[in-house]
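Me: I would like to learn how to read a protein structure step by step, beginning with its strands and then turning to single residues. Could you guide me through it?

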Amino acid sequence: MDFKSSASKFLQYVNASPSPFHAVHASRTALLAAGFEEISERDNWDIKPLGKYFFTRNQSTLIAFAVGGKYEPGNGFAIVGAHTDSPCLRVKPTSKLDKSGYLSVGLECYGGGLWNTWFDRDLSVAGRVLLRKSDVRGLRWCKVDRRRSNTSCLMAEGAEGGFSHRLVRIDKPILRIPNLAIHLNRNIYSEGFKYNKETNLPAILRLATGMYKLNEPIETDSRDDAPSVKKEKTTAPFSQEGRHHSGLLNILCKQLDCEVKDICDFELCLYDTQPSCFGGPADEFILSPRLDNLESAFCGLEAMVASVEDSASFSSDPTTRLLALFDHEEVGSSSAQGAASSLFEHVLRRISAGKPTGFEEAIPKSYIISSDMAHAVHPNYPDKHEANHKPMMNAGPVIKFNSNQRYATNAITALVLRRIAEIAEVPLQDVMVRNDSACGSTIGPIMSAGLAIRTIDIGNAQLAMHSIREMGGSKDIKYGIDLLKVFYCKFADADSTIQVE
């Protein structure tokens, strides 16, 4: 696949992934199409050489692994880690706001976003909705054919129906956070753009006394009335009425073909409805939300699939190849589905279970690539970068260094990756922050410390990280895929030439 084709495929992936749940669904779909078997953490695993497997947790984290033809318990793991979440605004559990003749939606800031970029954008919602299908007594899990459905189900003992997890995405703009006009905010030139995240970020849904559609009667049974009309707040455990505007609930119901009473709860992310696209005279840029970190997730996914299609390499590989796409990196990774949990250790132990000390023997033979986007040098702010470390877009993946262990890279882990890049014929760059600048971090140090596995931090270079609209290099998609594919295929060979105890 050439540079343009790889980038075009990524655009399809990121456009299909407005929430972590959608990103996992898109990844699952790709893995199923590539012949991977979906398994469950709840079941016994029958792991065999040349087997290709994956599972999800919370529908927002995905772990995939492919067992090399020569793998034996105690052999090493070749691991790529990335994350599915990005900074965004999320609908609050009770979001109903009514002020100055407008019906608005209360929002919570998730992660460290550039929230000023969310003003004056055409916004909508995407995420998951939990639906109730009947009166539920005792509960049991049921299996769903996920090749045909993106619904997971919790069924009732002795009753038909149950609870279902449904993905939802409203494609039209339904929300807006308007800026304050310059005529009412003259100080913006002297004091800068200031806003309060609690009071200035609620998104307008509609007018309190307006109609849903022009020239059609106003709904009278469930519409939200003017501020002077008060409604009793329901106390039913699952009821969403009274917690959210009926206008929002009705849109969800129409999309899901259900009734408001069926909705038990939801997790909704706001997203920009403007699609991702190429930019620049020669399509050299990617203009998109969520480059951090769906670009890394996509490169890892494509590399995993491509590596097992290389049958000669896969059949002779003594390692197990793993892809870990975690949720909650943007807020510290400390959750049941985050990189700081024991989830990934459990996976490695289960794969190594055929030998009493298999896990312990595998650890020093293993290697993690923590793949998360890097900061390209900004032409308007070049002094923000250290003088000798100014990565460029379309110049290959960036190795991240920080002696204070904000990144997990050291000379040995960098050497391994440089050898892989040499084989793959992929250019590499280095970055280190200035001494007078704070350094971010990734899942790299978390996984390295928790598992005691050699780790390197890398990422493709981008601009405007954590903006609602970011900017990356279109050629870097293929560079990332090629590097990670060769890592999966050649790690055991490259690592055998380096012995450091």
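Reply: What follows goes through one sheet, the helices beside it and two residues, all in a predicted model.

Me: How do I read a sheet, and which order do the five strands of the open sheet have here?

Reply: In general, strands of a sheet pair through backbone hydrogen bonds, either parallel or antiparallel. Here the open sheet of five strands has the order β13-β14-β22-β21-β17, with mixed pairing, and its edge strands are β13 (277-279) and β17 (374-375), each of which pairs on one side only.

Me: Which helices pack on or lie across these strands?

Reply: Helix α1 (residues 3-15) packs on the sheet, where it touches β13 and β14 (285-288), and its direction makes about 135° with that of β13. Helix α5 (residues 291-309), in turn, lies across β14, β21 and β22, running at about 35° to β22.

Me: How do β21 and β22 run relative to each other, parallel or antiparallel?

Reply: Strand β21 (residues 461-463) and strand β22 (residues 470-473) run antiparallel and are joined by two bridges, and Gln462 stands opposite Gly472 in β22.

Me: Now for a single residue: is Thr320 buried or exposed?

Reply: A residue counts as buried when its relative accessible area is under 20%. Thr320, found in strand β15 (residues 320-326), has a relative accessible area of 0%, so Thr320 is buried. Beyond its neighbours within four places in sequence, Thr320 is in contact with several residues, among them Phe65, Tyr71, Phe77 and Ile351.

Me: What is the relative accessible area of Phe344?

Reply: Phe344, in helix α7 (residues 343-351), has a value of 2% and is therefore buried too. Not counting residues up to four places away in sequence, Phe344 touches residues including Ile63, Leu322 and Met447.

Definitions and conventions
Residues are numbered from 1 along each chain as its sequence is written. This is a predicted model: local features need pLDDT of at least 70, side-chain atom pairs count only at pLDDT 80 or more; totals for chains, interfaces and linings use all residues. Side-chain values use heavy atoms; hydrogens and water are left out. Helices (H or I, at least four residues) and strands (E, at least two) are DSSP runs, numbered from the N terminus. Buried means under 20% relative accessible area, exposed over 50%, partly exposed in between (1.4 Å probe, protein chains only). Contact means heavy atoms within 4.5 Å. Two strands pair if DSSP finds at least two bridges between them. Axes are lines fitted to C-alpha atoms, for helices over the stretch in contact, and angles run from 0 to 180 degrees between N-to-C directions.
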